[in-house]
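Me: I'm new to reading protein structures, and I'd like a close look at one part of this one. Could you pick out a helix and walk me through how it sits among its surroundings?

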Amino acid sequence: MVNRLVDALVRHRRRIGTRWRLHTPLQRGILTCAWLEGGHTYRSLGAGNGVPKSICRTLVQEGIKVLARRALPLTEVIRLAADAVGSTSSSTGSTSPPSG
């Protein structure tokens, strides 16, 4: 997961034309994944990685933004869910309750 995020962050950097950043894409990816895992505040993540809280927030938010761009659009997710429900109900045969 982290490696995929790092690759996406590198592509994002190239796309926006950023030459360099103080923090590497790997550091950004690790901070983002750790924050998404839960139980961590920006302050605790920053302190554990030698990054000020405000910078940590910026790094994590950039990682989330990159992940969000890779996500399926909501309409596609709804269509996939509807297709999955439709295929499940049709594979069970009759939808009527058993007589008895």
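Reply: Here's a walk through helix H4, starting with the whole protein and then zooming in on one cysteine and the core around it.

Before anything else, keep in mind that this is a predicted model. The protein has 5 helices and 0 strands, so if you follow the chain from the N terminus, the elements simply read α-α-α-α-α. Of its 100 residues, 24% count as buried. The accessible surface comes to about 7200 Å², and 58% of that belongs to carbon and sulfur atoms. There's also a nice number on how the chain meets itself: take the contacts between residues at least 6 apart in sequence, and 59% of them join residues at least 24 apart.

Now for H4 itself. This helix covers residues 53-70, which makes 18 residues. From its first C-alpha to its last it reaches 26 Å, close to the 26 Å expected at 1.5 Å a residue. Which residues of H4 are buried? They are Cys 56, Leu 59, Val 60, Glu 62, Gly 63 and Val 66. These residues cover an arc of only 155 degrees around the axis, which means they sit on the same side of H4. Turn to the other side of H4 and you'll find Ser 54, Ala 68 and Arg 69, which are exposed.

So what covers that buried side? The cover includes helix H1 (2-16), helix H2 (25-37) and helix H3 (42-49).

H2 is worth a short detour. Its 13 residues should span 18 Å at 1.5 Å a residue, and because its end C-alpha atoms are 18 Å apart, the two figures agree. The buried residues of H2 are Pro 25, Arg 28, Gly 29, Leu 31, Thr 32, Cys 33 and Ala 34. What covers them includes H1, H3 and H4, so H4 is part of the cover for H2, just as H2 is part of the cover for H4. After H2 comes Gly 38, with a positive phi near 100 degrees.

Back in H4, let's zoom in on Cys 56, which belongs to this helix. Its relative accessibility is 0%, and because buried means under 20%, Cys 56 counts as buried. Setting aside neighbours within four places in sequence, Cys 56 is in contact with Leu 31, Tyr 42, Leu 45, Gly 46 and Val 51. You can also compare sequence and space here: Cys 56 and Arg 43 are 13 residues apart along the chain, and their C-alpha atoms are 7.8 Å apart.

Several of those contacts turn up again in the largest nonpolar core, which has 8 residues: Leu 31, Ala 34, Tyr 42, Leu 45, Val 51, Cys 56, Leu 59 and Val 60. H2, H3 and H4 each supply at least two residues of this core. The largest share comes from H4, with 3 residues. Apart from this core lies another one, of 5 residues, among them Leu 5, Ala 8, Leu 9 and Cys 33.

That brings up a second cysteine. Cys 33 has a relative accessibility of 18%, and because that is under the 20% cut-off, Cys 33 counts as buried too. You might wonder how many disulfides there are. With a disulfide taken as a pair of cysteine sulfur atoms within 2.5 Å, the count comes to 0 disulfides.

Methods:
Residues are numbered from 1 along each chain as its sequence is written. This is a predicted model: local features need pLDDT of at least 70, side-chain atom pairs count only at pLDDT 80 or more; totals for chains, interfaces and linings use all residues. Side-chain values use heavy atoms; hydrogens and water are left out. Buried means under 20% relative accessible area, exposed over 50%, partly exposed in between (1.4 Å probe, protein chains only). Helices (H or I, at least four residues) and strands (E, at least two) are DSSP runs, numbered from the N terminus. The expected span of a helix is 1.5 Å times one less than its number of residues. The arc is that of the directions from the helix axis to the C-beta atoms. Contact means heavy atoms within 4.5 Å. Accessible areas come from the Shrake-Rupley method with a 1.4 Å probe; for residues, only the protein chains shown count as cover. A nonpolar core is a set of buried Ala, Val, Leu, Ile, Met, Phe, Trp, Tyr and Cys residues joined through side-chain atoms within 4.5 Å.
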